[in-house]
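Subject: Structure handover and findings

Dear colleague,

I am passing on the structure we spoke about, and I would be grateful if you could open it before reading the notes that follow it.

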Amino acid sequence: DDKDGERRVQSIVDRVAQVQSLIKTILLIHKKDDRKRILSLKIVKRAMFSPFSLMPKDDFQKNTPGRSTATRELLAQGTNLSESSMSNDPSADSLTTSPKTSWLVHMLRTEYKPINKIAVDYLELLSNLTVIDYILDEGVSPTPADFDSFHQSQKQIFSEVEHLHSLVTAMLMLEDNEKERAAVTLIIQQVLNNAVVRPFGITIFFCDLIFNIFLVSGWRSNALFYLDMYGPSKAEGYLYVETRSYVDRFFQYMFFISTFYFIWRLVGEIFSTLITSRRIFQAHFLTFWALLDVVSTVMSCTVFIKALLVRYNDHSISVGWFRFFSLLVGILWLKFLSFLKVINPTLATFVLAMIQIVKDVKYLALILVMVILAFGDMFHILIRIDETACPVNPDPNNDENPFCKTGLSYLDVYAQILGNFDYGSFLGHPTTIILFIVMTLFGTSK
């Protein structure tokens with residue numbers, strides 16, 4: 001009957017999938033057209049649905065409790081199929097109980113970037129397989145039984161990927177664009193979703209959300225309080241009542257608690273990644289968002305210590321500290337954004353797109369800097385030599401020409417390029433007028 005026929009077909013597919021490193025070998029074909037042509041074959045696509053296609057060879061013999069019942073049945077079938085060949089293998093009795101690593105994980109964590117890209121391509125291909133790819137007959141409409149078998153096989157292969165040893169740590173070593181591609185695939189989304197919905201994952205997520213909110217709002221409340229206490233208003237004689245409201249005290253204490261939480265979190269990440277692998281540590285912490293997390297935590301710890309000194313040792317707060325405070329406000333908002341992009345794929349895509357745009361305009365930015373420096377110096381030299389435009393003893397009641405000073409000349413050229421035209425500064429000499437026209441042409445060409 002149909003069930004027996006499907007069972008025989010699945011048995012043949014499983015035997016094909018048990019060919020050692022079959023899918024890996026196909027993926028490593030050098031010519032891209034040949035690789036695509038082979039991967040488009042029906043038997044290859046059907047073999048990709050088999051959990052055997054991802055398992056290490058030694059795992060063919062094991063009945064891993066963590067896998068689904070259907071997968072364990074396939075494993076049992078695989079054991080029966082290969083029992084005779086393994087009976088004469090002296091290494092069959094020496095299989096260790098430690099988990100083996102799949103070829104997919106090896107491809108994801110290799111240092112050779114093209115291999116990483118091929119591995120992510122495979123995850124995309126595996127996620128996009130449909131019921132049409134599952135059935136072997138060409139030009140045949142799928143039946144309800146085909147849909148049931150497809151969903152069951154898809155569930156099995158997704159479960160197998162989820163239980164691959166060191167899969168998540170291998171993904172940490174990918175470049176940002178490859179991480180983004182992998183993270184939006186259905187198969188990795190299931191892996192991450194199942195990890196998040198576990199009690200420990202939900203607890204960490206909830207704590208991160210709450211403490212990120214209190215870190216930003218708490219420091220904002222503290223910074224505004226210090227501004228009122230030690231800002232210009234106090235120097236002018238307006239004394240601030242030094243008793244905080246209960247709301248302000250609540251935000252202050254929550255900022256301190258949040259700082260301790262993220263210090264503990266950072267120390268835990270450092271030790272866990274170092275214990276796992278030095279490469280994972282470098283791949284994780286040598287990124288913009290990880291460095292931002294480290295910097296924000298260190299700066300929060302610094303202002304926490306400063307707050308204690310101000311409260312108990314009557315330390316003053318200089319203007320330099322307020323600059324530090326304002327910088328911390330912006331960094332904490334960026335830290336909060338880095339957390340939000342993890343829980344929202346659309347926001348993550350938008351943030352990564354913004355980063356990619358900044359990377360793409362680096363040469364344009366280099367030309368812009370060169371234009372600003374060149375025209376700033378030229379205008380400064382031509383206008384500075386004119387004592388009428390730049391008198392030796394300028395009148396403090398009149399605004400000085402910005403091109404009389406080197407630093408201001410750069411800033412004014414940048415403002416002119418942005419459209420803040422003030423051609424009155426260039427009317428003193430025909431050469432400056434010509435340079436002004438040329439500069440505006442450079443500015444509009446960008």
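Phe325 is a convenient place to begin: with a relative accessible area of 3%, this residue is buried. Please keep in mind throughout that the model is a predicted one, and that what follows was computed from its coordinates.

The partner of interest for Phe325 is Trp219, which is likewise buried, at a relative accessible area of 1%. The ring centres of Trp219 and Phe325 lie 4.9 Å apart with their planes at 80°, and because an angle over 60 degrees counts as edge-to-face, the pair falls in that class. This pair joins distant parts of the chain, since Trp219 sits in helix H13 (residues 199–230) and Phe325 in helix H18 (residues 319–343), with the two positions 106 residues apart in sequence terms.

A second pair, Phe288 with Trp289, is also edge-to-face, because its ring centres are 4.9 Å apart and its planes stand at 75°. Here the two residues differ in exposure: Phe288 is partly exposed at 48% relative accessibility, whereas Trp289 is buried, with a relative accessible area of 15%. In total the structure contains 23 aromatic pairs, and ring pairs connect Trp219, Phe225, Tyr226, Phe255, Phe256, Phe260, Phe304, Trp321, Phe322, Phe324 and Phe325 into a cluster.

Turning to the fold as a whole, the protein has 22 helices and zero strands. Of its 446 residues, 36% count as buried, and among contacts with a separation of 6 or more, 69% are between residues 24 or more positions apart.

One helix pair deserves a fuller description. Helix H20 (residues 362–384) packs against helix H21 (residues 406–417) at an angle of about 120°, the axes being 8 Å apart. That angle makes H20 oblique to H21, because the roughly perpendicular range ends at 115 degrees and the roughly antiparallel one applies only over 145. The crossing of H20 past H21 is right-handed. On the H20 side the residues in contact are Leu368, Val371, Ile372, Leu373, Phe375, Gly376, Asp377, Phe379 and His380, and they meet Thr406, Ser409, Tyr410, Val413, Tyr414 and Ile417 of H21. Sorted by class, this contact comprises 10 nonpolar, four polar and one charged residues.

The loop between H20 and H21 holds Cys404, a residue that counts as buried at 7% relative accessibility. If residues up to four places away in sequence are left out, Cys404 touches His380, Arg384, Ala389 and Cys390; of these, His380 also appears among the H20 residues that meet H21. Between Cys404 and Leu382 the C-alpha to C-alpha distance is 9.5 Å, although 22 residues separate the two in sequence.

Finally, which residues does Asp293 contact, once its neighbours within four places in sequence are left aside? They are Leu266, Glu269 and Lys335. Asp293 belongs to helix H17 (residues 288–313), and at 18% relative accessibility this residue counts as buried, because the cut-off is under 20%.

With best regards

How values were computed
Residues are numbered from 1 along each chain as its sequence is written. This is a predicted model: local features need pLDDT of at least 70, side-chain atom pairs count only at pLDDT 80 or more; totals for chains, interfaces and linings use all residues. Side-chain values use heavy atoms; hydrogens and water are left out. Axes are lines fitted to C-alpha atoms, for helices over the stretch in contact, and angles run from 0 to 180 degrees between N-to-C directions. Helices (H or I, at least four residues) and strands (E, at least two) are DSSP runs, numbered from the N terminus. Angles under 35 degrees count as roughly parallel, over 145 as roughly antiparallel, 65 to 115 as roughly perpendicular and the rest as oblique. A crossing is left-handed if the near helix is turned anticlockwise from the far one by less than a right angle, and right-handed if clockwise. Contact means heavy atoms within 4.5 Å. Ala, Val, Leu, Ile, Met, Phe, Trp, Tyr, Cys and Pro count as nonpolar, Asp, Glu, Lys and Arg as charged, and the others, Gly among them, as polar. Rings of Phe, Tyr and Trp (its six-membered ring) pair if their centres lie within 6.5 Å; planes under 30 degrees apart count as stacked, over 60 as edge-to-face and the rest as tilted. Buried means under 20% relative accessible area, exposed over 50%, partly exposed in between (1.4 Å probe, protein chains only).
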